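Let's take a walk through a protein model together. Keep the sequence and the 3D view side by side, and turn the view as you read.

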Amino acid sequence: MTISCPPDANLADLDALSALPRDDAGPVFRAPWEAQAFAMALELHRRGVFSWPEWAATLAAEIAQARSTGEADDGSRYYERWLAALETLVARKQVVGTADLSRRVDEWDVAARATPHGRPVVLPRR
Amino acid sequence: MSEHTHPHPHDHDGDHDNAHDRPLSGPALRVKALESLLAEKGLIDPKTLDEIVDTYEHRVGPRNGARIVARAWTDPAYRQRLLANATEAIAEFGFIEPHAEDMVAVENTPQVRNLVVCSLCSCYPWPVLGLPPAWFKSDAYRARAVIDPRGVLKAFGQDVPEDIEVRVWDSTAEMRYMVVPERPAGTEGWSEERLAAIVTRDSMVGVGTVAVATGGGA
């Protein structure tokens, strides 16, 4: 016995539906940075920089914190939390410090501003 | 302490971190910065990152899980191995690369429906299902799947009668779940490949069932 309901009957359940974003086969990453952040966490784990339970706990904490500040997430902001967890964990593991990271962000920002549209952004050699 | 030595030529309204203000968006800049620092320390190789992304975007997906389900449907001995020790049974498919956690397969029956969630952090069985859909990562799903699984199933078009038990499986960093949905009637004698083609991602997360397309078929 398989359960199959006419979809229309359930569309009436507006409360349930409006709160639950649905997708069929949307892209798994919405921007390249999401994919890069995802891959960096997997690779750092594979190299033993952190254990998977450590990763999951850090990510869960970022998600919980974002929620506690009232930021609702329909799933589209997941990789923002993923990236925040990554930054937190590499700092805690003393792999990349917060100050180094924000300095490098500024350097990339300067480089991106100086790059004509359509050209790859590169950091000047130091 | 970061040094803000560069001018903000397009600054207006004091909106320093406004995404419109930077050629690259905030997260994109932070990812580039982190990636370049980690690469300098020899902790990541950009080429490896590209391979990981390619794997998860194109080569891993719910098709892996669908093949596992189809085999469980056609091979009773495999089904038993899968339900007893999913990590090992999945490893029998040599091409499925395990991740850090153990897998558990839970089976839908006429009396039991299973629903998978990760209420804490949206852990997902990537090796068999690919990357999670947006709704799996949403606050709404993570919170409601635990407290109101029948309501969630209803939102997915599944009106589960009261006399059917709904079990919710909350994933952790060490343990992830996949659902073995019920094999639909009308698929007797189908090959493993043909069965795999009708197994959906939603059915393996537990928010859907597998149906045979009406009007199609033999």
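A good place to begin is V117(B) and its neighbours. Leaving out residues up to four places away in sequence, V117(B) touches F136(B), Y141(B), R142(B), A145(B), V146(B), V168(B), W169(B), D170(B) and S171(B). Bear in mind as you look that this model is predicted.

Where along the chain does V117(B) sit? You will find V117(B) in strand 2 of chain B, which covers residues 112-117. Is V117(B) buried or exposed? Its relative accessibility is 0%, and because buried means under 20%, V117(B) counts as buried. Now pick out one of its contacts, V146(B). Along the sequence, 29 residues separate V117(B) from V146(B), yet in space their C-alpha atoms are 7.7 Å apart.

From strand 2, move on to another strand of chain B. Strand 4 of chain B spans residues 175-180, and five of its six residues are buried, so this strand is mostly covered. Which way do strand 1 and strand 4 of chain B pair? Strand 1 (residues 102-107) pairs with strand 4 in the parallel sense, over six bridges. To see one link in this pairing, find A105(B): its bridge partner in strand 4 of chain B is M178(B).

Next, let's look at the aromatic rings. How many aromatic pairs are there over all chains? The count comes to 21. One example is W135(B) with F136(B), an edge-to-face pair whose centres are 6.2 Å apart and whose planes meet at 65°. Both W135(B) and F136(B) are buried, and F136(B) is already familiar as a contact of V117(B).

Some rings gather in a group. F29(A), F38(A), F50(A), W52(A), W55(A), Y78(A), Y79(A), W82(A) and W126(B) make up one aromatic cluster. Take a second look at W126(B), where the charged end of R176(B) sits over the ring, 5.2 Å from its centre. A similar arrangement appears at Y78(B): the charged end of R71(B) sits over that ring, 5.9 Å from the centre.

Finally, turn to the cysteines. A disulfide is a covalent bond between the sulfur atoms of two cysteines. How many disulfides does a search of the whole structure find? Over all chains, the search finds zero. You can still locate C118(B), which is buried with a relative accessible area of 1%, and C123(B), which counts as buried at 5% relative accessibility.

Terms used
Residues are numbered from 1 along each chain as its sequence is written. Chains are lettered from A and ligands numbered from 1 in the order in which they are written. This is a predicted model: local features need pLDDT of at least 70, side-chain atom pairs count only at pLDDT 80 or more; totals for chains, interfaces and linings use all residues. Side-chain values use heavy atoms; hydrogens and water are left out. A disulfide is a pair of cysteine sulfur atoms within 2.5 Å. Buried means under 20% relative accessible area, exposed over 50%, partly exposed in between (1.4 Å probe, protein chains only). Rings of Phe, Tyr and Trp (its six-membered ring) pair if their centres lie within 6.5 Å; planes under 30 degrees apart count as stacked, over 60 as edge-to-face and the rest as tilted. A charge sits over a ring if NZ of Lys or CZ of Arg is within 6 Å of the ring centre and within 35 degrees of the ring normal. Helices (H or I, at least four residues) and strands (E, at least two) are DSSP runs, numbered from the N terminus. Contact means heavy atoms within 4.5 Å. Two strands pair if DSSP finds at least two bridges between them.
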